[in-house]
Amino acid sequence: MVRNSHTARRPSLPMQDDSPQPFDHAAPEFDRSPLDVRGLLSRPIWKELRTFLAVAKSRSFAEAATMLNASGPTVSRDVKRLEEQTGANLVVASHSGITLTAMGRALALDLADLDFKLHSLSSTLQRERSSVAGRVSVSVTSGLAVAFVAPAVQRLSRSYPEIEVDLKGQISLVDFAKNQTDIMLSLTPIRRAGVTLREIGTLHLVPVAARSYVARQGVPTRSNLARHDFLQCSYYEGGTQAWKPWMDIATAGRIAHFAEDSLAYYGMVKTGAGIGLLGSYILIEPRLVPVDLGIHIPLPFYAAVATDRLRSAPVAAVFEWVVKLFTENPFFGRELRLQPGHSMPEEDFRAFFNVDGPQGA
């Protein structure tokens with residue numbers, strides 16, 4: 001965890017309890033809520049705003065109509081009425097679909113944030129049968145989702161049968177708000193107000209190849225990189241120094257294929273398409289072996305949660321479950337671990353992928 005730097009504070013002046021105060025803080029007329037102000041401030045366009053959000057997400061009047069269970073002309077009229085009320089062009093329609101204007105995109109992003117806040121509020125209020133009940137959304141990469149999170153959901157259900165976990169793919173790897181979920185698993189420390197962050201381990205990335213690849217192409221070494229195939233991911237081409245060791249050896253060989261989805265990337269490595277950079281936990285799969293090229297990239301790993309959502313018992317329970325799930329996984333410890341064992345997370349992985357245990361066990 002990154003520690004906050006301390007800044008010097010100016011000494012506070014002593015309070016004078018008997019000094020005259022300009023206002024009586026106990027008088028309600030001096031401390032009113034916005035709800036005490038009569039009248040509605042916005043124009044009557046709530047329905048049109050919801051319609052516009054559907055259009056912005058689907059980029060089609062027809063698909064938005066299906067999403068809203070409305071007719072295409074109704075959707076078109078709602079958007080036109082919203083443009084008239086706001087005095088702004090929000091969309092450009094063509095035969096290929098809908099394109100948002102700059103103003104339209106800005107409005108759509110604000111509406112998406114509001115829509116998620118309303119969803120979170122309704123999830124908190126809808127606890128019908130117990131205090132620990134409701135839907136909790138978690139954004140996680142597909143690789144970690146299928147390897148560890150999804151297989152462990154059934155154990156969470158035994159402890160909290162009224163909690164519904166909603167696993168979502170990550171829209172953004174660096175921005176908590178864009179994922180629009182309660183909890184996010186992140187390789188980036190989220191430095192933003194309203195987010196509680198917990199470091200839950202270290203993701204150790206190492207070069208990995210299938211045994212079938214090594215049998216076909218030979219053992220990769222620093223001296224024969226030029227005759228080996230490497231698998232690349234757009235994340236590794238992000239330009240930061242963290243990926244330089246991998247980029248140096250991958251570009252010294254031949255880039256054979258690309259995959260952005262972590263599960264698809266794993267699939268290509270497993271089937272022998274080339275050498276990939278993967279989390280060390282993937283070596284639970286007996287058909288994969290580490291490739292000794294002097295490359296080891298350790299990345300701190302975090303769980304982030306919207307702080308105000310921690311007041312919800314289901315969100316707090318799922319957050320602690322996620323934290324425990326990775327802090328108790330030996331592959332996410334401080335030290336690099338290449339030899340698999342029989343911990344519960346590893347057995348979850350084997351059961352999910354239908355693979356055998358360690359040789360000689």
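The legends below walk through several close-up views of one predicted model.

Residues are numbered from 1 along each chain as its sequence is written, and side-chain values use heavy atoms, with hydrogens and water left out. Because the model is predicted, local features need pLDDT of at least 70 and side-chain atom pairs count only at pLDDT 80 or more, while totals for chains, interfaces and linings use all residues.

**View 1. The largest pocket and its lining.**
Let us start with an open space: the largest pocket holds about 650 Å³. A pocket here is an open set of points on a 1 Å grid over the protein atoms alone, where a 1.4 Å probe fits, with protein on both sides within 12 Å along at least five of seven lines. Grid points are joined across faces, edges and corners, and the volume is the space filled by probe spheres set on the points. Lining residues have an atom within 4 Å of a point. There are 34 of them around this pocket, and T141, L187, L203, Y235 and Y236 lie nearest its centre. The elements giving two or more residues to this lining are α5 (142-159), β5 (183-186), β6 (195-210), α9 (262-270), β9 (276-279) and β11 (297-306). Helices (H or I, at least four residues) and strands (E, at least two) are DSSP runs, numbered from the N terminus. What kinds of residue line the largest pocket? The lining divides into 26 nonpolar, 7 polar and 1 charged. In this count, Ala, Val, Leu, Ile, Met, Phe, Trp, Tyr, Cys and Pro are nonpolar, Asp, Glu, Lys and Arg are charged, and the others, Gly among them, are polar.

**View 2. A nonpolar patch at the surface.**
Look for W46, L114 and L118, which together offer about 330 Å² of accessible area. Such areas come from the Shrake-Rupley method with a 1.4 Å probe, and for residues only the protein chains shown count as cover. A nonpolar patch joins side chains of Val, Leu, Ile, Met, Phe, Trp or Tyr within 5 Å, using residues with over 30% relative accessible area and no salt bridge. W46 belongs to helix α1 (residues 46-58). Is W46 buried or exposed? With a relative accessible area of 58%, W46 is exposed; the word means over 50%, whereas buried means under 20% and partly exposed lies in between (1.4 Å probe, protein chains only).

**View 3. Salt bridges around R81.**
The whole structure has 16 salt bridges, each being a side-chain nitrogen of Lys or Arg within 4 Å of a carboxyl oxygen of Asp or Glu. In one of them, R81 pairs with E48, and their closest N and O atoms are 3.0 Å apart. R81 sits in helix α3 (residues 72-86) and E48 in helix α1, so this pair ties together parts that are 33 residues apart in sequence. R81 is partly exposed at 34% relative accessible area, while E48 is buried at 7%. R81 also meets D78 in a salt bridge (3.0 Å, N to O). D78 and R81 are 3 residues apart in helix α3, which means about one helical turn separates them. D78 is buried, with 3% relative accessibility.

**View 4. A salt bridge in helix α11, and a network elsewhere.**
Here the side chains of R350 and E347 meet, N to O, at 2.8 Å. They are 3 residues apart in helix α11 (residues 344-353), so about one helical turn lies between them. R350 is buried at 4% relative accessible area, and E347 is partly exposed at 32%. Elsewhere, salt bridges that share partners join K47, E48, D78 and R81 into one network.

**View 5. Two loop residues with positive phi.**
Where is N69 found? N69 lies in the loop between α2 (61-68) and α3. Its phi is near 55 degrees, a positive value in a residue other than glycine. N69 is exposed, with a relative accessible area of 74%. Q180 is not a glycine either, and its phi is positive at about 50 degrees. Q180 is in the loop between α6 (176-179) and β5.

**View 6. Pairs separated in sequence.**
T101 sits in the loop between β2 (97-100) and α4 (102-125) and is buried at 19% relative accessibility. T101 and N89 are 12 residues apart in sequence, and their C-alpha atoms are 6.9 Å apart in space. A108, in helix α4, is buried at 8% relative accessible area. A108 and V55 are 53 residues apart in sequence, with 9.2 Å from C-alpha to C-alpha.

Key: Patch = residues over 30% accessible without salt bridge, like charges linked within 9 Å, V, L, I, M, F, W, Y side chains within 5 Å.
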